[in-house]
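Let us walk through this model together, one region at a time. Please keep the sequence and the 3D view open beside the text.

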Amino acid sequence: MAFRALVLALALGCAAAFMGAPVTQRTSRAAGLKMTTQEELAELAESNRDALGAGLGFWDPLGISKLSFWTLSNEETIGYLRHAEIKHGRVAMAAFLGFCVQSL
C-alpha cells in the first residue's frame, strides 16, 4: 500500500513539471484590443496604392466583412478572419518548404 502511494506521489509530482503557470481570467475579452470595422477595412484598401491595390480598392464580392460568425460581433468576425488568413498562410508556407525539402 505504501509503495502504491509513493508511486502515485512521484507520478503526480513529475506531472506538475509539465503544467504551465496559472492563467488569470480577464474580465473583458477585448480589454486591450482595438477592433477593426468594415469602414476601416475600406479605408485601408483605398490607401493602398500599389500596383494591385490601385485597380481593386476594397474588394469583398461575397460581403463577408458584413457577416457575424458564431455569435461574434462584426469586429470580432473580422479579427477571426484575419487570424485564420495568417494561420493558413503559415501552413501553406510550411507545406511548400516540405515540398522543396523532399524533392532534393
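Val7 sits in helix H1, which covers residues 2-15; helices here are DSSP runs of H or I with at least four residues, strands are runs of E with at least two, and both are numbered from the N terminus. With a relative accessibility of 40%, Val7 is partly exposed. On that scale, buried means under 20% relative accessible area, exposed means over 50%, and partly exposed is what lies in between, with a 1.4 Å probe and protein chains only. Val7 joins Phe3, Leu6 and Leu10 in a nonpolar surface patch of about 420 Å². Patch members need over 30% relative accessible area and no salt bridge; nonpolar side chains (Val, Leu, Ile, Met, Phe, Trp, Tyr) are joined within 5 Å, and like charges within 9 Å. A salt bridge, for its part, is a side-chain nitrogen of Lys or Arg within 4 Å of a carboxyl oxygen of Asp or Glu. The areas come from the Shrake-Rupley method with a 1.4 Å probe, and for residues only the protein chains shown count as cover.

Before going further, please note that this is a predicted model, in which local features need pLDDT of at least 70, side-chain atom pairs count only at pLDDT 80 or more, and totals for chains, interfaces and linings use all residues. Residues are numbered from 1 along each chain as its sequence is written, and side-chain values use heavy atoms, leaving out hydrogens and water.

Now step back to the whole chain. The protein chain has four helices and zero strands, so from the N terminus its elements read α-α-α-α. Of its 104 residues, 12% are buried. The protein chain exposes about 9100 Å², and carbon and sulfur atoms supply 67% of that area. Among contacts with a separation of 6 or more, 42% are between residues 24 or more positions apart; a contact means heavy atoms within 4.5 Å.

Next, look at the loop between H3 and H4, where you will find Ser65. Ser65 is buried, at a relative accessible area of 7%. What is Ser65 in contact with, leaving aside its neighbours within four places in sequence? The partners are Gln38, Leu41, Phe58, Asp60, Asn74 and Ile78.

Moving on to helix H4, we meet Thr77. Thr77 is buried too, with a relative accessible area of 1%. A polar atom of the Thr77 side chain lies 2.9 Å from the backbone oxygen of Ser73. For reference, a polar contact is a pair of N or O atoms within 3.5 Å; within protein, one must be able to donate a hydrogen and the other to accept it, and residues adjacent in sequence count only if both atoms are side-chain atoms. Setting aside neighbours within four places in sequence, Thr77 is in contact with Leu67, Ser68, Phe69 and Leu72. Thr77 also gives us a view across the chain: its C-alpha atom is 9.6 Å from that of Met35, although the two are 42 residues apart along the chain. Met35 belongs to the loop between H1 and helix H2 (38-47), and is partly exposed at 27% relative accessibility.

Phe69 leads us to the aromatic rings. A pair of rings is described by the distance of the centres and the angle of the planes. Rings of Phe, Tyr and Trp (its six-membered ring) pair if their centres lie within 6.5 Å; planes under 30 degrees apart are stacked, over 60 edge-to-face, and the rest tilted. A search of the whole structure finds three such pairs. One of them joins Phe69 and Trp70 edge-to-face, at 5.4 Å centre to centre and 75° between the planes. Trp70 also pairs with Tyr80: because their planes stand at 80°, with centres 5.2 Å apart, this pair is edge-to-face. Trp70 lies in the loop between helix H3 (51-56) and helix H4 (74-102) while Tyr80 is in helix H4, so the pair ties together parts 10 residues apart in sequence. Ring pairs thus link Phe69, Trp70 and Tyr80 into a cluster. Within it, Phe69 is partly exposed at 21%, Tyr80 is partly exposed at 37%, and Trp70 is exposed at 59%.

Finally, check the backbone here. Most residues other than glycine have a negative phi. Trp70, not a glycine, has a positive phi of about 50°, and Thr71, also not a glycine, has a positive phi of about 60°. Thr71 lies in the loop between H3 and H4 and is exposed, with a relative accessible area of 84%.
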